[in-house]
Amino acid sequence: MKLKIVTLLFGVMAWGSMLFGASYTLDTAHTQVGFSVKHLMITNVKGTFSKYSADIGFDSKTMQFERLTATIDVDSIDTGIKKRDKHLRSADFFDVANHPIMTFVMNSYSGDTDGGKMVGDLTIRGVTKAVTLDVEIGGVANFMGTEKVGFVLETKIDRKDFGLMWNKALETGGVVVGDKVKIVIEAEANRQ
């Protein structure tokens, strides 16, 4: 009787693993979390965050995301200009002292083998809003015994929706910083 129960449990576990995707974590050596925003409404300023993590549930057979929860350390912002980065960390923008992390939690995903749409809750500066990310799946590869998946996530947000209100008006009628921010995450993740 005991053997039948153990066999049944292993069978259920094996069946369950075929139904559900595997867990993946980001390969930080091959991932970039970036953004761009208009400066003076004539050009883009780009930046990245260097400290982040994510828990990803992905089915490499169906190429479907089952979960994605990400955390970004806002203090790791880097636009290439230290003075600007210090200002971005201040209460004028991200207010890192009071809001040190940004988070994203996926609520749903729909797509095919090439990509799709991911809907989730993005929290910046303590404000949570639903956002939709365009997803492009680069593919799955095995490298040195590890299964890897590559994907790109893109969206645009209005920074003011998240309490990032600082700006200065220009004499010409424009502003220093645009409201729309493009977020682009190019990721490679390793199966656990």
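Start by selecting D95, which sits in the loop between α2 (82-89) and β7. You are looking at a predicted model, and this residue is a good place to check the backbone. D95 has a positive phi of about 50° although it is not a glycine. Most residues other than glycine have a negative phi. Is D95 buried or exposed? With a relative accessible area of 11%, D95 is under the 20% limit and therefore counts as buried.

Next, select L40, in the loop between β2 and β3. Here too phi is positive, near 60°, in a residue other than glycine. L40 counts as partly exposed, at 31% relative accessibility. Now show the strands on either side of that loop: β2 and β3 form a hairpin with three residues between them, and L40 is in the turn.

Keep the hairpin on screen and colour strand β2 (residues 32-39) and strand β3 (residues 43-49). These two pair in the antiparallel sense over seven bridges. To see one of the bridges, pick S36, whose partner in β3 is K46. Then add β11 to the view. Which way do β2 and β11 run? They run antiparallel, joined by seven bridges. V33 is a handy marker, as its bridge partner in β11 is I185.

Now move to strand β10 (residues 146-158) and select K148. K148 is buried, with a relative accessible area of 12%. Show its side chain together with that of D27: a polar contact of 2.9 Å joins the two. Then add the side chain of E188, which K148 reaches through a polar contact of 3.2 Å. Leaving aside neighbours within four places in sequence, K148 is also in contact with other residues, including G139, V140, A141, F143, A189 and N190.

Aromatic rings come next. How many aromatic pairs does a search of the whole structure find? It finds seven. Select Y24 and F58 for one of them: the pair is edge-to-face, 5.9 Å centre to centre, with 80° between the planes. Y24 lies in strand β1 (residues 22-26) and F58 in strand β4 (residues 52-59), so this pair ties together parts that are 34 residues apart in sequence. Both Y24 and F58 are buried.

Then select F65 and Y109, another edge-to-face pair, with 5.2 Å centre to centre and 70° between the planes. This pair links distant parts of the chain, with F65 in strand β5 (residues 64-73) and Y109 in strand β7 (residues 101-111), 44 residues apart. F65 is buried, with a relative accessible area of 5%, and Y109 is buried at 13%. Add F151 to the four rings you have visited, and you will see a cluster: ring pairs link Y24, F58, F65, Y109 and F151.

Finish in the nonpolar interior. Nonpolar side chains tend to be buried together in soluble globular proteins. The largest nonpolar core here has 46 residues, and those with the most contacts inside it are F49, I56, F65, L68, F94, M118 and F151. Which strand gives the largest share of this core? That is β11 (residues 177-191), with six residues. For a last stop, centre on L68 and show what surrounds it. Not counting residues up to four places away in sequence, L68 touches D55, I56, F104, V105, M106, M118, F151 and L153.

Technical notes. Residues are numbered from 1 along each chain as its sequence is written. Side-chain values use heavy atoms; hydrogens and water are left out. A nonpolar core is a set of buried Ala, Val, Leu, Ile, Met, Phe, Trp, Tyr and Cys residues joined through side-chain atoms within 4.5 Å. Buried means under 20% relative accessible area, exposed over 50%, partly exposed in between (1.4 Å probe, protein chains only). Helices (H or I, at least four residues) and strands (E, at least two) are DSSP runs, numbered from the N terminus. Contact means heavy atoms within 4.5 Å. A polar contact is a pair of N or O atoms within 3.5 Å; within protein, one must be able to donate a hydrogen and the other to accept it, and residues adjacent in sequence count only if both atoms are side-chain atoms. Two strands pair if DSSP finds at least two bridges between them. Rings of Phe, Tyr and Trp (its six-membered ring) pair if their centres lie within 6.5 Å; planes under 30 degrees apart count as stacked, over 60 as edge-to-face and the rest as tilted.
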